[in-house]
Structure formats: C-alpha cells, structure tokens
Amino acid sequence: MKKLNNYNIDELRSIIDNLDEQIISFIISRNEISYEIIKIKRNSKHDVFDKSRENQILNILNEKFRTKISINEIKDLYNVILKYSKYSHTMLDCPNKPQSARDILCFKPYVIAGPCTVESDDQMNKTISQLSDLGIKIIRGGTFKPRTSPDSFQGLESEGINLLRKYADKYDMFVVSEFLDEEQLALHYDSIDIIQIGSRNMMNFSFLKKVGKKTATDNKPVILKRGYGSTINEFIQAGRYITQSGNENVILCLRGIRTFEQIDSEMRNTPDLAGILELKDKTDLNVIFDPSHASGNSKYVIDLSKAALSLGADGVMIETHHDPENALVDGFQSITPKTLRELINFINTK
Ligand code: PEP
Ligand code: MN
C-alpha cells in the first residue's frame, strides 16, 4: 500500500468509505454475537448486565491502543457501541407495519392510552374512537381491577375483556389488560395482546413464572409494573422471573413509588423518573413510564410524559377517558384524548 500522503482526496475518501462499511458490518456482527451471549446468560440464569466485563473490554483495548487513542476516547466510543448492542436485538426482524403485538416494540416511542377501567360499551365507543383519531395503536383498560378496598368497583371482568377486544378489532389496535391470577390468564389469554402484571403483583413470583412460561409460547409482550414499595433491583429481579421462564419481551413500567411526598403533596405517588436511566443502564428490556399512577394527578400527566420520553423511555402508558369527571375509577388522574394530543404533537415534532 502507498503511503497515505501519496493519495489524492478522492482516493482517500474511497478508502474511508470502505473502512466505514467495515466498521458498520463489524458492529452488526458484534451485536449478533452479543445477543447469543445474552441468550446463554438467560438460559444459565446469569445477569445479563455485567459491568466488570465491560471494564475488561475497555482495559484490553486500552492496553493495545494506548499510544494511538486515549482511554477516554475509547470509553466514549464504547459507550455508544455497548448501548447500541444492548438494545439492537430488540430491533431484529422488525417489519414496516406492526403485524403482532411483539412488533409494536419496534415502533418507538409507543403511546398506550385508554381508560383505567372498562366501564361500558358507550364509554369504550367514545374513548377509543377518539384515541383512534389521534393515531393511537395500543389501548389499555382494566377489567379485573386490583382495588385497595373490596367494596370498590372490581371491574367488568369477562364482559370488559369482550369490549376491549371489540373496539381494538374495530379500530385495528392492540390491547393491554391486567390479569391478577392464573385462572384469568388461562381464560382470556387469546383476547389480550399484551399482558399486564400490576404493581401489587410484582412480587408474586409464582405468577410471574407462569406468565413467563405461557407467553413464551407466542412471545406475547408482558408489561410488568413496579411494585410501589419495591427497589429498582427488586424490580429488575422480578422481570428476570419472566425472561428466565422463556419470554424476553418484557416491558418494565415505572408507575411511581410511595415515599414522604404523599403526606402533603398533590401527588398520589412519587414519580420515579430517574429509574428510567438506571433501568436502561442495567437491563436490555423496554422501559416505559405511567405518569397517571406515578402522579395521580391529571394536571401533571403531559409534562411527566414529556420528561419520561426525554430521559429515554421507550413509551408511556396514560389513563385516558372521554369524560374523566365521571369516570368510575381514577378519573382525577385521567386525561381526555384532546389533552393527549399535546403529547402526540410533541412526539411528532421531535
Ligand atoms: C393499572 O395500570 O391499571 C394499575 C392498576 O396500575 P398499578 O398496578 O400500577 O397500580
Ligand atoms: Mn388506574
């Protein structure tokens, strides 16, 4: 090869183009190998996240190239490469249009919206048609409600599941709903596209395993909500119960935690926004934020959603009702589809 200073600019550019192609194809190969390692770790029940291995990689490169490139430059490059490698496999086999609920994980950020609780045909008709006008593709709605008091409305149960399915099919949407136990899961599994496990069930390890095993058969996504009294590490470990049962399509949902804020603030919980950063750092799972339960106050929902997406959340799940004042459950933290439009515009102009 000639000395570099004997090439003209076009020749040098063509060498660069060639090298860039190699860099990208090396990164792609690196990611494919790293995904195999993730699978081996999951099968052998090891943590996916391994900071000491990342440090080892940087040290090896530093030893080898220290006279040509500084350790800080290597770190900057690898921050990007390692971050990309953690998430890139979730983008493998992504179609142009979502065909299954699993595919929606490809189209980020995703907005999940719908009422806290399915109440009636009329409510679903009004709320879901307005959400469809906004371009919402994933609706939520509780039908088996984990209410604090046994005297409160417990949800429409099977009738609610049927209404969810009816309106999701009518508007070509996917549907999220919570199951509280194995019986509900078995009975209504086929009607729901994304299974939700609620905050109160985050530590129900035997249920987590059962949901993991069942959803492993068709890779149906599972939204796991953070226990309102759980640490981030407990939350990550709960997610591992599902991934280790065979389904990697787990979506971790931060939904606020209980701290001192509740004594005299206007919020029902303390919005655990910073958890987005830590979960993104420590896991390779999707992370979403639920500003409705996190704040318990409709006036904070849009700003918290914007903050969550700015921090890197893969999506948000927002309680939306056509008439919040008359909602049977959680109306005070529900917004209208009209208000939700502000967030959609924010996302579209980003
Ligand atoms: C819900 O999203 O419907 C719900 C009950 O939330 P959480 O489990 O976070 O309280
Ligand atoms: Mn609710």
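Two strands pair if DSSP finds at least two bridges between them. Helices (H or I, at least four residues) and strands (E, at least two) are DSSP runs, numbered from the N terminus. This is a predicted model, in which local features need pLDDT of at least 70 and side-chain atom pairs count only at pLDDT 80 or more, while totals for chains, interfaces and linings use all residues. Residues are numbered from 1 along each chain as its sequence is written, chains are lettered from A and ligands numbered from 1 in the order in which they are written, and side-chain values use heavy atoms, with hydrogens and water left out.

**View 1. Eight strands close into a barrel.** Going round, the order is 1-2-3-4-5-6-7-8, with parallel pairing. On average, neighbouring strands of this sheet are turned by 25° against each other, direction ignored. (Axes are lines fitted to C-alpha atoms, for helices over the stretch in contact, and angles run from 0 to 180 degrees between N-to-C directions.)

**View 2. Strand 1 meets strand 2.** Here residues 110-114 pair with residues 138-140 in the parallel sense, over two bridges. Look for Ala-113, whose bridge partner in strand 2 is Ile-139. In the loop between helix 3 (71-88) and strand 1 you will find Pro-109. A cis peptide bond, with omega about -10°, joins Pro-109 to Lys-108.

**View 3. Helices 7 and 8 lie across strands of the barrel.** Helix 7 (residues 205-215) lies across strand 4 (194-197) and strand 5 (222-225), at about 175° to strand 4. Helix 8 (residues 232-243) lies across strands 4, 5 and 6, running at about 155° to strand 6 (250-254). Contact here means heavy atoms within 4.5 Å. In the loop between helix 7 and strand 5 sits Asn-219, a residue other than glycine with a positive phi, near 55°.

**View 4. Ligand 1 and the residues around it.** Among the surrounding residues are Lys-145, Pro-146, Glu-178, Ser-199 and His-293 (a residue is near a molecule if one of its heavy atoms lies within 4 Å of it). The shell divides into one nonpolar, four polar and six charged residues. (Ala, Val, Leu, Ile, Met, Phe, Trp, Tyr, Cys and Pro count as nonpolar, Asp, Glu, Lys and Arg as charged, and the others, Gly among them, as polar.)

**View 5. Polar side-chain atoms beside oxygen atoms of ligand 1.** The distance from such an atom to a ligand oxygen is 2.8 Å for Arg-140, 3.0 Å for Gln-196 and 2.6 Å for Arg-255. Taken alone, ligand 1 exposes 300 Å², and the protein buries 97% of that (Shrake-Rupley method, 1.4 Å probe).

How values were computed. Polar contact = N/O pair within 3.5 Å; in protein donor to acceptor, adjacent residues only side chain to side chain.
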